[in-house]
Amino acid sequence: MIEKILAAYPVFQYGFLDVGEIEFKEEVRHICRQECERYNTSWSCPPAVGTVEECRNRCEAYEQAVVFTTLAEVTDAADMAETLETRKEHEEIVHAVCRDLREAGLEVLALSSDSCAVCETCAWPDAPCRHAERMLPCIEGYGILVTSAAEKLSMDFFYDGRTVVWYGFVFIRQGE
């Protein structure tokens with residue numbers, strides 16, 4: 001049923017992991033803190049998402065993760081502005097997959113590549129998220145080592161200099 005849902009969208013690769021197979025590392029969070037301009041500026045990023053341990057516990061409340069990728073063509077994948085412009089299409093697919101999974105009776109927790117960009121300026125930390133139903137927390141912000149998951153699933157992490165590989169992690173469990 002999940003594969004049928006994924007087949008309805010332009011998903012490039014996908015796989016399934018038990019939550020215990022996913023590596024949560026404080027070192028990934030350290031990279032957020034040291035190298036990402038979104039750190040401490042968004043509800044989708046640390047520290048707003050909680051500690052790595054809190055994020056792990058949130059994910060471990062689910063049975064399995066569906067990991068999937070979408071691709072976007074750009075003239076230069078190293079051009080972050082151009083690359084980030086392609087994120088919206090990926091996130092629309094993540095939201096659509098989650099909607100279909102919910103309609104199939106599953107509970108979901110979705111994470112996406114990069115930080116949320118729904119609002120031009122995030123309300124963090126002064127006010128609640130204005131679009132919590134649209135906000136997708138960042139996979140790496142949760143401390144998840146994406147390269148490890150990709151390796152376990154034999155999925156491509158990098159493709160080429162003109163193709164962006166976007167990741168989605170959707171944690172699932174049977175609904176009540």
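Modeller: Welcome! Before we start: Ala, Val, Leu, Ile, Met, Phe, Trp, Tyr, Cys and Pro count as nonpolar, Asp, Glu, Lys and Arg as charged, and the others, Gly among them, as polar. Please also keep in mind that this is a predicted model.

Colleague: Thanks! How do the residues of the lining of the largest pocket divide into nonpolar, polar and charged?

Modeller: The largest pocket holds about 1000 Å³ of space, and 34 residues line it. Sorted by class, that lining comes out as 21 nonpolar, six polar and seven charged residues.

Colleague: Which element gives the largest share of the lining of the largest pocket?

Modeller: M80, S113, D114, E140 and W166 are the lining residues nearest the centre of this pocket. Two or more lining residues come from each of α2 (26-35), α4 (80-85), α6 (146-152) and β4 (163-174). The largest share is five residues, and the element that supplies them is β4.

Colleague: Let's move on. Which helix gives the most to the lining of the second largest pocket?

Modeller: This pocket has a volume of about 190 Å³. Its lining consists of L84, R87, K88, E91, E92, H95, A117, V118 and R134, and by class that is three nonpolar, one polar and five charged residues. Five of the lining residues belong to the helix spanning residues 87-103, which is α5.

Colleague: Along strand β1, which side chains point to one face and are buried?

Modeller: Try stepping along residues 13-18, where the side chains alternate between two faces. Y14, F16 and D18 point to one of these faces and are not buried. The buried ones, on the other face, are Q13, G15 and L17.

Colleague: What is the bridge partner of F16 in β2?

Modeller: β1 and β2 (residues 64-73) pair in the antiparallel sense, over six bridges. Look across from F16 into β2, and the partner you find is V66.

Colleague: Which element gives the most to the largest nonpolar core?

Modeller: In soluble globular proteins, nonpolar side chains tend to be buried together. Here the largest core has 25 residues, with I22, Y142, I144, Y167, F169 and F171 making the most contacts inside it. Two or more of its residues come from each of α3 (52-60), β2, β3 (106-112), α6 and β4. With four residues, the top contributor is β4.

Colleague: How many residues are in the second, separate core?

Modeller: Among the members of this second core are V11, F68, A96 and V170. It is separate from the first, and its residue count is 19.

Colleague: Is D100 buried or exposed?

Modeller: D100 sits in helix α5. Leaving out residues up to four places away in sequence, D100 touches I5 and Y9. A residue is buried when its relative accessible area is under 20%. D100 has 16%, so it counts as buried.

Colleague: Last one! What distance separates the C-alpha atoms of G105 and Q174?

Modeller: G105 belongs to the loop between α5 and β3, and at 36% relative accessibility it counts as partly exposed. Beyond four places in sequence, G105 is in contact with Q174 and G175. G105 and Q174 are 69 residues apart along the chain, yet the separation of their C-alpha atoms is 6.6 Å.

Methods: Residues numbered from 1 in each chain as written. Predicted model: local features only at pLDDT ≥ 70, side-chain atom pairs only at ≥ 80, totals over all residues. Heavy atoms only, no water. 1 Å grid on protein atoms, 1.4 Å probe; cavity = no way out; pocket = protein on both sides within 12 Å on 5 of 7 lines; lining within 4 Å. Points joined across faces, edges and corners; volume = space filled by probe spheres on them. Buried < 20%, exposed > 50% of the residue type's maximum accessible area, 1.4 Å probe, protein only. Pairing = 2+ DSSP bridges. Core = buried A, V, L, I, M, F, W, Y, C linked by side-chain atoms within 4.5 Å. Contact = heavy atoms within 4.5 Å.
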